[in-house]
Structures are given as C-alpha cells and as structure tokens.
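Biologist: I am new to this structure and would like a close look at a single part of it. Could you choose one helix and describe carefully how it packs against its neighbours?

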Amino acid sequence: MPTDIEQLREFLDAKVLLYNQPDFIPEDPISIPHRFQKQQDIEIAGLFAAVLAWGNRKTIINKCASLLEIMDNSPYYFIMNHQENDLKALTEFKHRTFNATDTLYFVHFLKWFYHRHASLEEAFVAGMLPDATDVGGGLAHFHTLFCSLPEFPERSRKHVATPARGSACKRLNMYLRWMVRQDDTGVDFGLWKRLRPSQLICPCDIHVEQVAAKLGLLTQPKSNWKAAVTLTEQLRILDPQDPVKYDFALFGLGVVERFWQAPPPSYTPV
C-alpha cells in the first residue's frame with residue numbers, strides 16, 4: 001500500500017506497466033476496433049464498442065461482433081455504400097436499451113458525417129477551444145452534432161452522453177482514450193493527433209471510482225462530470241502529459257485485484 005505521493009506514483013506506474021499490455025486486448029471491448037486496419041473502420045468499430053460497453057465484457061464483445069458481422073465486417077464500406085435492403089438485418093440488433101432505432105440512426109449519422117469529413121476526430125475537435133485543458137467542449141459538441149439531424153430519434157440521446165448534462169461520459173472518454181493515447185504497447189491506437197493525451201478525462205466506471213476512492217484520489221460521492229474532472233486533475237499531478245494512462249492501473253486494480261477491499265492508505269491525498 002503506498003504511503004506518500006511518490007510511492008503512489010511508483011505504485012500506479014507499476015500497475016500501468018502490468019495492465020497496459022497486448023494481453024489486455026482480447027477480453028476488453030477495445031478488441032473490437034483492433035480487428036481492423038483502416039482508420040475509419042477502427043473509428044466506427046470503436047465507437048460502437050464504446051457506446052455498447054455496459055454489462056458483462058464478454059457479452060459486450062459478442063454483441064459488437066454480431067453487429068459488425070451484419071455489416072460484413074467492413075463497417076466503413078457498409079455505412080457509406082449500403083442500400084435500403086441492407087438495413088433490414090440491423091432491425092434485429094439489440095443490446096440492453098440500445099435497439100434497432102438507435103442502430104439505424106447511428107448508421108445514418110455516420111454516413112452523413114463521413115460524407116463531409118475524413119475522420120470522426122473532427123466531430124470532437126470542432127468543439128474545442130485552442131487553450132482547452134480537457135475534452136469537455138469536444139464531448140459537448142459531439143453530442144450536439146449527433147442530435148442535430150432531422151431524423152434524430154429522441155430516444156437515442158441517452159446513448160451519447162454530454163458534460164453539459166453533468167454526465168461523467170465514461171464510454172466516450174474511454175473511446176477518446178483509445179483514439180488519442182499512443183505508446184509502445186499497442187493497446188490504444190493513437191490515431192488522432194489534434195487532441196492531446198493531456199486533455200483526456202479518465203473514464204470513471206464503478207471499478208475505477210472504487211479504487212480511486214480507496215487511494216484518496218476521489219472524494220466526490222457521485223459519478224458525474226465533476227468527479228471525472230477532479231480525478232483526472234489528481235492524475236495530472238502524477239503525469240501531466242498522460243494522466244489517463246492510469247485508467248489501466250485503476251481498472252486493473254479494481255477488476256483483477258479487487259483492491260477496493262484493501263485497508264485504506266495512510267498518506268495524505270494529492
């Protein structure tokens with residue numbers, strides 16, 4: 001158990017090295033975009049994998065695989081070139097509260113967007129101020145853009161979170177980590193260069209929150225945008241340029257090691 005800030009950094013850095021490894025990929029939803037080589041395929045598969053990432057990880061992966069199979073495992077080509085008849089198979093797709101209406105609108109939105117832009121990165125960058133310290137503006141812009149088309153079904157709003165509503169935006173922050181972070185382990189993709197790793201916000205799921213609270217990094221009792229920003233600010237003290245690398249450590253400590261059941265640390269929080 002770490003007892004001061006330097007020990008905390010060393011402790012979490014060691015856990016990052018342990019869990020930020022290729023063998024992390026197969027059992028995580030990030031395995032879905034890792035099936036592809038083309039940037040747009042990675043972006044689209046990653047977006048669906050992130051949006052559908054709630055519940056059992058094995059189920060999430062299986063559901064995403066089923067969805068991509070309907071798209072002939074060529075999501076970008078399918079989205080840009082499908083005919084009306086091709087959409088019929090999508091009406092059978094469902095994962096929890098994500099149903100056919102949502103699936104069809106996501107396909108419609110992505111076709112609309114990719115006819116205008118080469119990369120989905122633009123949907124986030126367009127909402128960022130030049131001196132932005134985090135991706136909050138980009139997430140809010142993506143939500144607004146996603147909900148802006150005439151065909152938008154109101155029920156789909158809940159699948160694209162926004163900090164404007166106080167959401168922690170866990171799934172989209174995870175997606176941005178995948179697309180933006182880059183290191184030599186090959187887990188995250190690092191495809192997007194206009195957003196910086198230092199601007200990312202840590203994805204806050206229950207495992208991350210429990211471990212962060214145990215380590216004194218998070219005292220906010222609610223899972224919301226403020227808590228996600230607060231945690232990330234603490235992580236930036238440990239690594240200003242790449243704070244969200246610690247998502248690997250916090251998640252691994254929670255899911256694999258069940259660290260949140262350990263006795264509390266004795267050091268003063270950062």
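**One helix and two partners**

Modeller: Helices α2 and α8 lie roughly antiparallel to each other, a term that applies to angles over 145 degrees, while under 35 counts as roughly parallel, 65 to 115 as roughly perpendicular and the rest as oblique. The model is predicted, so that local features need pLDDT of at least 70 and side-chain atom pairs count only at pLDDT 80 or more, whereas totals for chains, interfaces and linings use all residues. Residues are numbered from 1 along each chain as its sequence is written, and side-chain values use heavy atoms, with hydrogens and water left out.

Helix α2 spans residues 39-51, and α8 covers 170-180 (helices are DSSP runs of H or I with at least four residues, numbered from the N terminus). The axes of α2 and α8 are 9 Å apart, and the angle at which the two helices pack is about 150 degrees (axes are lines fitted to C-alpha atoms over the stretch in contact, and angles run from 0 to 180 degrees between N-to-C directions). The crossing of α2 past α8 is right-handed, meaning that the near helix is turned clockwise from the far one by less than a right angle.

On the α2 side of this contact (heavy atoms within 4.5 Å) are I42, E43, G46, L47, A49, A50 and V51, and they meet R171, L172, M174, Y175, W178 and M179 of α8. Sorted by class, the residues of this contact are 10 nonpolar, one polar and two charged (Ala, Val, Leu, Ile, Met, Phe, Trp, Tyr, Cys and Pro count as nonpolar, Asp, Glu, Lys and Arg as charged, and the others, Gly among them, as polar).

The other partner to consider is α3, which runs over residues 57-70. Here the axes of α2 and α3 come within 10 Å and cross at roughly 140 degrees, which means that α2 is oblique to α3. As it passes α3, helix α2 again makes a right-handed crossing.

From α2, the residues A45, F48 and A49 meet I60, C64, L67 and L68 of α3, and the contact between these helices consists of seven nonpolar residues, with no polar and no charged ones. A49 deserves a second glance, since A49 is listed among the α2 residues that meet α3 and also among those that meet α8.
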